[in-house]
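Open the structure in your viewer and keep the selection tool ready. We will take a short walk through it, one selection at a time.

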Amino acid sequence: VTIHDLSIYRFPQWHPQARIDRMREAIPQAIERASLIIAISEATRLEVIQTFNLPPERVQTVLLGVDAIYHPRTEEELTPILSQFDLRVGGYTFFVSTIEPRKNLRHLIAAYGMLPLEVQMKYPLVLVGGSGWQSEDIHVDIRAASEAGWLKYLGFAEQKYLPAFYAGARLFAYPSW
């Protein structure tokens, strides 16, 4: 079994109760049945060992890989794709995730709002992701920043566009809690 994180145990306030209930039942069952537990980072490995009182040799770290489709691209490759979204190569800060509190997006938007207006306009914050749990307040912030002209919310984006969005960004921001 692969464990990505134990945030339902450490930070239950960032999850809907139904998810917490389901995962608190499923994770221990999966660990009990598994002959090997894979953690995606050493920090997660240590957390799994401690939380479930497991022998260290039963939990191994296997870092996540990256699909070969994610690689640097030339401006000529990116421009036709990014122009569909009114973006320019190297001209934006990028964030992608489901819009929900545990992604810490409200703080990212607030921090971006403190940048000089010239920087905000030159490198707008571009958000990609569908609405998630308890995202209403975040969407209020998104609308305000969009109206100010320095944030572009593209909503859910098809997988085929993500490699270009990443490759074309000046900066990728992911301040998840």
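The stops below cover two pockets and then one side chain, all in a predicted model.

**Stop 1: the largest pocket.** Start by selecting His-4, Asp-5, Leu-6, Ser-7 and Arg-102, which lie nearest the centre of the largest pocket. The pocket has a volume of about 670 Å³, and its lining counts 24 residues. Next, colour the elements that give two or more residues to this lining: β1 (2-3), α1 (7-10), α2 (17-33) and α3 (42-52). Which element supplies the largest share of the lining? Select α2, since that helix is the one to look at here: 5 residues of the lining come from α2, the largest share. Now colour the lining by class, and you should find 12 nonpolar, 6 polar and 6 charged residues.

**Stop 2: the second largest pocket.** Move on to a pocket with a volume of about 180 Å³, the second largest. To centre your view, select Val-96, Phe-156, Ala-157, Gln-159 and Leu-162, the closest to its centre among the 13 residues that line it. Coloured by class, the lining of this second largest pocket shows 7 nonpolar residues, 5 polar ones and 1 charged.

**Stop 3: Asp-141.** Finally, select helix α7, residues 136-148, and pick out Asp-141 within it. What does Asp-141 touch beyond its neighbours within four places in sequence? Show Arg-106 and Ile-109, for these are the residues in contact with Asp-141 once those neighbours are left aside. With Arg-106 there is also a polar contact to display: the side chains of Asp-141 and Arg-106 are joined at 2.6 Å.

Definitions and conventions:
Residues numbered from 1 in each chain as written. Predicted model: local features only at pLDDT ≥ 70, side-chain atom pairs only at ≥ 80, totals over all residues. Heavy atoms only, no water. Helix = DSSP H or I, 4+ residues; strand = E, 2+ residues; numbered from the N terminus. Polar contact = N/O pair within 3.5 Å; in protein donor to acceptor, adjacent residues only side chain to side chain. Contact = heavy atoms within 4.5 Å. 1 Å grid on protein atoms, 1.4 Å probe; cavity = no way out; pocket = protein on both sides within 12 Å on 5 of 7 lines; lining within 4 Å. Points joined across faces, edges and corners; volume = space filled by probe spheres on them. Nonpolar A, V, L, I, M, F, W, Y, C, P; charged D, E, K, R; others polar.
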